[in-house]
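Biologist: Got a minute to walk me through this one? I'm new to it, so go slowly.

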Amino acid sequence: MKLNRTDFQLIKALQKDGSASYSDLAGELGITAKTVAKKTERLLKNKVISIIARPNPYKLGLFESAFIALKTNLLKNGEICRHLTDNFHVNLVQTVFGSFDILAIVYFPDLQQLHNFIDNELYNLEGVVKVKIYFIKDIYKRYDYFFEKESFCTKHLKMKETDWQLVKALSMDGRSNPANLAEAFGIHLSTVYRRTETLQKNRAINISAVPNPSRMSPYSANAFVILETTPQEVEHLLKKLCEFSQIHFLMTTNNHSGLIACIHSKDNESLFQFIQQHVSCRPNGLLNAEIFIRAMVHKTYYSLFAHETVPDEEKS
């Protein structure tokens, strides 16, 4: 789908406030509300963006996280991805080229719930051949792009059942009709508005547009790299990798010698050159690197990529 200047301006406006009305967006962009509605529906239909409530793990008490690699029967890939996408606690699902076929990131309130998901749900999915779990120790350059950096040890927001129902529904569709939500959950319409406003005010969620990086040309190439190093070199390697703007997501694993990096680039050639220069060359302390090239993004809560400029071919 080819995007023009107005499309990019609309995406940026929806990233600021995904729940803004069409009339407010029209006033900001200098176009009609009808045009805004048509363009928004087109962006959503073509999966250029989704508009969702990004959950804030710091405030929701989602303390335990894991990076999961799945080897699958390729004929079942679509079904497995749909199953994972429907689970609120799965915040990333993408198919990849490499020794595994699907990568996912999950977060849960505690280890018991995380292990229950792995043992009772993940291993029982039809078509899953092999599962590799990387339990996450610390997360760098991810959530703090969207929420104020807070320790997972700080007191999280006290949530009612209604709050969780709203968060889960809005994480699927950030522009859900409040009247439909009120009817679905058996609550007053005023409660939907009040609780949603409270959740946003307390930074438990952030309703905004999430661009699909595989559909946005400046960031069309992506890879996850699982790095193995010595425990003594973890901090040094972290500092080195954090310096690169191409690395938008970085975390350490619980074995004290593993790192996982997400690399974005404008095209496959640039991605290959970056990996060759900074990963394959084996910097000091790096013992092994396993690379997964993105095929398709099926779900993400935390895609970055606010477009500050319009591509040259769209400028006039």
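Biologist: Glu269, buried or exposed?

Modeller: Glu269 is exposed, with a relative accessible area of 57%. Buried means under 20% relative accessible area, exposed means over 50%, and partly exposed is in between, using a 1.4 Å probe and protein chains only.

Biologist: And where is Glu269?

Modeller: Glu269 is in helix H11, residues 268-278. Helices (H or I, at least four residues) and strands (E, at least two) are DSSP runs, numbered from the N terminus. The C-alpha atom of Glu269 is 8.7 Å from that of Ala221, and those two are 48 residues apart along the chain.

Biologist: Hang on, what kind of model is this, and how are residues numbered?

Modeller: It's a predicted model, where local features need pLDDT of at least 70, side-chain atom pairs count only at pLDDT 80 or more, and totals for chains, interfaces and linings use all residues. Residues are numbered from 1 along each chain as its sequence is written, and side-chain values use heavy atoms, with hydrogens and water left out.

Biologist: OK, the big picture then. How many helices and strands does the protein chain have?

Modeller: The protein chain has 11 helices and 10 strands. Of its 316 residues, 50% are buried. Taking the contacts (heavy atoms within 4.5 Å) with a separation of 6 or more, 78% are between residues 24 or more positions apart.

Biologist: Which residues of H2 are buried?

Modeller: In helix H2, residues 22-29, the buried ones are Leu25, Ala26 and Leu29. They're on the same side of H2 because they cover an arc of only 105 degrees around the axis, an arc taken from the directions from the helix axis to the C-beta atoms.

Biologist: What do those buried residues pack against?

Modeller: The buried residues of H2 pack against helix H1 (5-16) and helix H3 (33-45). Asp24 and Gly27 are exposed, on the face of H2 turned away from its buried side.

Biologist: What follows H2?

Modeller: Gly30 follows H2, with a positive phi near 75 degrees.

Biologist: And Ser23, what's its side chain joined to?

Modeller: The side chains of Ser23 and Ser21 are joined by a polar contact of 3.1 Å. A polar contact is a pair of N or O atoms within 3.5 Å; within protein, one must be able to donate a hydrogen and the other to accept it, and residues adjacent in sequence count only if both atoms are side-chain atoms. Ser23 is found in helix H2 and counts as partly exposed at 49% relative accessibility.

Biologist: Switching to pockets. How much space lies in the largest pocket?

Modeller: About 710 Å³. A pocket is worked out on a 1 Å grid over the protein atoms alone, as an open set of points with protein on both sides within 12 Å along at least five of seven lines, and lining residues have an atom within 4 Å of a point. Grid points are joined across faces, edges and corners, and the volume is the space filled by probe spheres set on the points.

Biologist: Which residues lie nearest the centre of the largest pocket?

Modeller: Of the 25 residues lining the largest pocket, Lys47, Ser50, Thr85, His298 and Lys299 lie nearest its centre. E10 gives the most to that lining, with 5 residues.

Biologist: What's the mix in that lining?

Modeller: The lining of the largest pocket has 11 nonpolar, 8 polar and 6 charged residues. Ala, Val, Leu, Ile, Met, Phe, Trp, Tyr, Cys and Pro count as nonpolar, Asp, Glu, Lys and Arg as charged, and the others, Gly among them, as polar.

Biologist: What about the volume of the second largest pocket?

Modeller: About 240 Å³. It is lined by 14 residues, and the closest to its centre are Ser19, Gly174, Ser176, Pro178 and Thr196. H9 gives the most to this lining, with 5 residues.

Biologist: Back to Lys47. What is its phi?

Modeller: Lys47 has a positive phi of about 55 degrees, although it is not a glycine. Most residues other than glycine have a negative phi. Lys47 lies in the loop between H3 and E1 and counts as exposed at 55% relative accessibility.

Biologist: And Arg203, where is that found?

Modeller: Arg203 is found in the loop between H9 and E6. Arg203 also has a positive phi, about 60 degrees, and is partly exposed, with a relative accessible area of 31%.

Terms used:
On a 1 Å grid over the protein atoms alone, a cavity is a set of points where a 1.4 Å probe fits but cannot get out, and a pocket is an open set with protein on both sides within 12 Å along at least five of seven lines; lining residues have an atom within 4 Å of a point.
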